[in-house]
Amino acid sequence: MSKHFDLAVIGSGPGGYRAATLAALRGLHVAIIERADWGGCCLNRGCVPKKTWHHTARLIAASRDFAERGIQGTLSANMNAAWQHQEKVVASVQESYVDYMHRLKIATFAGSARFASEHALDITEPGGATQRIEADSIIIATGGTAHVPAPFTPVPGKVLTSDMLYDHEPPAGKRVAIIGSGVVATEFAFIFAMLGKEVTWLARSTALRKIPFSPQALGSLHNALARYDIALRQGENFERIDTEGEGVRIHLGSGETIDVDWVCLGTGRTPHTAGLDLDAVGIETHENGFIQRNAHLQTSVAHVYAIGDVASPDMTANHAISDATIAVTNIIDGNTREQDSRWVPVVVYSAIELARLGLDEDAAEDAGFEPAVGFAAFETSPRAMGQDDTEGFVRLLGDMDDGRLLGGEIIGAEAGELIHLLSLAPDRETALHWLAHGTYNHPARAEEFANATETLASKWGLSETIFG
Ligand SMILES: Cc1cc2nc3c(=O)[nH]c(=O)nc-3n(C[C@H](O)[C@H](O)[C@H](O)COP(=O)(O)OP(=O)(O)OC[C@H]3O[C@@H](n4cnc5c(N)ncnc54)[C@H](O)[C@@H]3O)c2cc1C
Ligand SMILES: NC(=O)c1ccc[n+]([C@@H]2O[C@H](COP(=O)([O-])OP(=O)(O)OC[C@H]3O[C@@H](n4cnc5c(N)ncnc54)[C@H](O)[C@@H]3O)[C@@H](O)[C@H]2O)c1
């Protein structure tokens, strides 16, 4: 006999985990199915190990200013030791995730799920046994897998996707080529260099092209990378990859060859729907493989929702978690909330942290707003000066008409934390007023939000809406 649940969630990445725990906390009888590692890409091969490494990389980077602060000696890092360290962090987080799900009485199934009918899922366990569960609502949160474009082919120890990088201890060789100019490559170019590798960073296009960071933000990124002698060679094409010899020889379109010990690919991820049997129940996908959904995050089958990387080209944990909150709210409250993914923060962890959310100038004008920029640089922040870390700024976009917040960018140390001052603002209409009137800890980086609202008030005549 099949077991019945209020909600079944397929996949336990940040999207699935958040959906399952939130639904259980709100009183639903929940099942979650995971075919591989509990916690998905983000916990096992993404955000968590990456941020653990990024912290190590930041410590090494900061040590360049140690002598001036009166600290003696130099620091160096070992990537293999750093790999062991992230394994421990991941294992502890995973244990606490699984424990929390059990404490919330969520039924956990280890196996691969596929649709048997609109309300039934067949779960095939690793040993081959299959069981059926039924649910009133279903959330698909099956994430994505690393994309490997030709002429690259994954070769263990030589040509690694970011997934492979975390599955086994990294190869020992020092010379590493990083391919791509998206978030993975931009983050790893800095992290690998600080962890003691000689990095050659090769890509077709400019860094972070897909994310609407301002030219100033990208300028700060390149300044920060240059401080550590990390440069992107853009405009490169890849003809052939030779892995027969000792290391790897990359044949570029220009005819040049580059010899490295191993290659790390940051060449995108594709949504994962294989094996779900979506066609059998009429759940439709876009041409690029993402599951189709409406603003309530419902698929073409109304009680089945799709969240995170399998449905959203944004492909960040932040979007997956935000989707989960909206999908569960809609299941319980009757489709009351719509997703606007532009208001989910995006944060990049490289030689500098870059965080943004909301509209940029072009999108604001397209939406009929009149954007004005409020700007405050960390260059004059007493906190940043005391930290020897003054690169970056807070950049707020307000509407000239009614002073509402249109978007914002924070570039610099702790940007990933500071962005919460914008993402958690009670509403966008009063956010700038609230930032100008708030009480701050002094000296702190967050004070630059107040300073940025002051430039909006003084330079763009928004004094009444911001201070009034
Ligand atoms: C190197 C790297 C660093 C990253 N860093 C960040 C970061 O700092 N911040 C950020 O916001 N994002 C980051 N991301 C992106 C983030 O990891 C993903 O956006 C996020 O994991 C997507 O979550 P998800 O829940 O949609 O899917 P996933 O985390 O991919 O989880 C999906 C799960 O579903 C399971 N599954 C698939 N099919 C089935 C099935 N049929 N049955 C059962 N289970 C199934 C999979 O095994 C997997 O565990 C990073 C990604 C990478 C690669
Ligand atoms: N901090 C974060 O939020 C974070 C961190 C890492 C990854 N992620 C997410 O994970 C996903 C994967 O990241 P990513 O950087 O791998 O992907 P991406 O889509 O951001 O970038 C892909 C890169 O691969 C290159 N590329 C694609 N096909 C190619 C080809 N045939 N030849 C040469 N280059 C090619 C593209 O030009 C681009 O530079 C992204 O969607 C990203 O949002 C998020």
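**Close-up views of a predicted model**

**View 1. The annotated dimerisation stretch in a predicted model.** An unreviewed UniProt entry gives residues 344-452 the annotation "domain: Pyridine nucleotide-disulphide oxidoreductase dimerisation", and the model shown here and in the other views is a predicted one. Within 344-452, helix makes up 29% of the chain and strand 28%. The C-alpha atoms at the two ends of this stretch sit 21 Å from each other.

**View 2. How the protein splits into domains.** Domain 1 is made of two pieces, 3-145 and 270-342, while domain 2 runs over 159-267 and domain 3 over 352-467. Going from the C-alpha centre of domain 1 to that of domain 3 takes you 31 Å.

**View 3. The shell around ligand 2.** There are 23 residues around ligand 2, and the ones that come nearest are Pro 149, Gly 180, Gly 182, Val 184 and Met 315. Sorted by class, the shell holds eleven nonpolar, eight polar and four charged residues. Helix H6 (183-194) chips in with at least two of the shell residues, and strand E18 (346-349) also gives at least two.

**View 4. Helix H6, wrapped up by the rest of the structure.** Twelve of the twelve H6 residues are buried, so the helix is largely enclosed by the rest of the structure. Among those buried residues are Val 184, Glu 187, Phe 188, Phe 190, Phe 192 and Met 194. Val 184 also turns up in the list of residues that come nearest to ligand 2. As a geometry check, 1.5 Å a residue predicts a span of 16 Å for the twelve residues of H6, and the end C-alpha atoms are 17 Å apart, which agrees. After H6 comes Gly 196, with a positive phi near 95°.

**View 5. His 442 and the cis bond that follows.** UniProt, in an unreviewed entry, lists His 442 under "active site". Look for His 442 in the loop that links helix H14 (431-437) to helix H15 (447-460). His 442 counts as exposed because it has 9 C-beta neighbours inside 10 Å, and the cut-off for exposed is 12 or fewer. The peptide bond between His 442 and Pro 443 is cis, with omega about -10°. Pro 443 belongs to the loop between H14 and H15.

**View 6. Another cis peptide bond, at Pro 151.** Ala 150 and Pro 151 are joined by a cis peptide bond whose omega is near 10°. Pro 151 sits in the loop between strand E7 (144-146) and strand E8 (159-161).

**View 7. Lys 105 and Glu 414, with positive phi.** Most residues other than glycine have a negative phi. Lys 105 goes the other way, with phi near 65°, and is part of the loop between helix H4 (79-103) and strand E3 (107-110). Lys 105 is exposed, since 9 other C-beta atoms lie within 10 Å. Glu 414 isn't a glycine either, yet has a positive phi of about 65°. Its loop connects strand E22 (405-411) with helix H12 (415-418). With 19 C-beta neighbours inside 10 Å, Glu 414 is classed as partly exposed.

**View 8. Ser 312 and its contacts.** Ser 312 is in the loop between strand E17 (304-306) and helix H9 (317-333). Ser 312 counts as buried because it has 24 C-beta neighbours inside 10 Å. Leaving out residues up to four places away in sequence, Ser 312 touches His 319, Asp 323 and Ser 341. Asn 335 is 23 residues along the chain from Ser 312, and their C-alpha atoms are 19 Å apart.

Notes
Residues are numbered from 1 along each chain as its sequence is written. Chains are lettered from A and ligands numbered from 1 in the order in which they are written. This is a predicted model: local features need pLDDT of at least 70, side-chain atom pairs count only at pLDDT 80 or more; totals for chains, interfaces and linings use all residues. A residue is near a molecule or strand if its C-beta atom, placed from the backbone, lies within 6 Å of it. Helices (H or I, at least four residues) and strands (E, at least two) are DSSP runs, numbered from the N terminus. Ala, Val, Leu, Ile, Met, Phe, Trp, Tyr, Cys and Pro count as nonpolar, Asp, Glu, Lys and Arg as charged, and the others, Gly among them, as polar. UniProt positions are given in the numbering used here, feature names are shortened, and annotations may be inferred rather than shown by experiment. Domain bounds come from an automatic or database domain assignment. A residue is buried if 20 or more other C-beta atoms lie within 10 Å of its own, exposed if 12 or fewer, and partly exposed in between; C-beta atoms are placed from the backbone. Two residues are in contact if their C-beta atoms, placed from the backbone, lie within 7 Å. The expected span of a helix is 1.5 Å times one less than its number of residues.
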